[in-house]
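This report concerns the pockets of one protein model. The reader is invited to view the sequence and structure below before turning to the text.

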Amino acid sequence: MIKISGLNKKYGSKSVLSDINAEFSQGRIYGIIGENGAGKTTLFRCIAGLEKYEGEITSDLVPLKNHIGLLFTDPFFFSKITGEEYIRLLCNAHDKAIGDVSEKNIFDLPLSSYVSTYSTGMKKRLALLAVFLQDNSYLVLDEPFNGLDINGSIILSEILLKFKELNKTILLSSHIFSTLRDTCDEIMVLKDGTFTETFSRENFDRLETEIKHSAVGNKIAQLGLE
Ligand code: ADP
């Protein structure tokens, strides 16, 4: 469980998150959606202990930051590091022994090559694999589906469902609605730094319709296509 109470975050005088209250339970997957700039990444950074904030973020496992597998939208890699070294570095940081990495190379990555030679999609797969192998109780994944091809997306969805079965708490953001529909128990809408609505599975259709309406509006009619 992760519990957020009265979370406020400012950058200078600019308020980015205001009065966030939420509880994330074990064995559930939560999707966080919102327009660019809504505050999703900042919220994830606060949860992971990477930002100072007002309010409280508590968890049943402490310290929270030692139990979180965090995936950044654009993961950082040292220039002279191989895929295998990156995985070992992250697993060592969380005291996780992983044995033979090649046996767990589910994304068929060239683990002995420098990460600097990887494509964007390969980097995303590597960062995901490292997070999976860290085997934390909480997963906070910022746009995990970004940059994955169809096979990668399917594998990721199945792994998330497996982690749910293993009673982990999972938070993720995605702008691809189908990926949220396939995985999430709840979808929470973040708007201008605060949660405005939460949708459970039986209301996902309504959410999708609302998103379509607000995104498309009369833009198609504007084109004047006959
Ligand atoms: P999202 O992930 O939903 O796109 P972000 O959390 O990245 O939103 O950003 C929320 C707001 O906070 C944006 O207006 C962004 O410009 C601002 N912001 C994010 N990081 C910083 C920072 N380090 N300094 C100042 N402003 C920031």
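The following paragraphs describe two pockets and the residues that line them.

The structure is a predicted model. Its largest pocket holds about 820 Å³ of space. The lining of this pocket comprises 32 residues, and those nearest its centre are Ile33, Gly34, Glu35, Asn36 and Leu190. Both helices and strands take part: α1 (40-47), α5 (177-183), α6 (204-216), β8 (186-191) and β9 (194-200) each contribute at least two residues to the lining of the largest pocket. The greatest contribution to this lining is that of α6, which provides five residues. By residue class, the lining of the largest pocket contains twelve nonpolar, twelve polar and eight charged residues.

The second largest pocket encloses about 530 Å³ of space. It is lined by 20 residues, with Leu70, Phe72, Leu90, His94 and Gln134 closest to its centre. Two or more residues of this lining come from each of β5 (68-71), α2 (83-93) and α3 (120-134). Here α2 gives the most, with four residues. The lining of the second largest pocket consists of 16 nonpolar residues, three polar residues and one charged residue.

The volumes and lining classes are set out below.

| Pocket | Volume | Lining classes |
|---|---|---|
| Largest pocket | about 820 Å³ | twelve nonpolar, twelve polar, eight charged residues |
| Second largest pocket | about 530 Å³ | 16 nonpolar, three polar, one charged residue |

Terms used
Residues numbered from 1 in each chain as written. Predicted model: local features only at pLDDT ≥ 70, side-chain atom pairs only at ≥ 80, totals over all residues. Heavy atoms only, no water. 1 Å grid on protein atoms, 1.4 Å probe; cavity = no way out; pocket = protein on both sides within 12 Å on 5 of 7 lines; lining within 4 Å. Points joined across faces, edges and corners; volume = space filled by probe spheres on them. Nonpolar A, V, L, I, M, F, W, Y, C, P; charged D, E, K, R; others polar.
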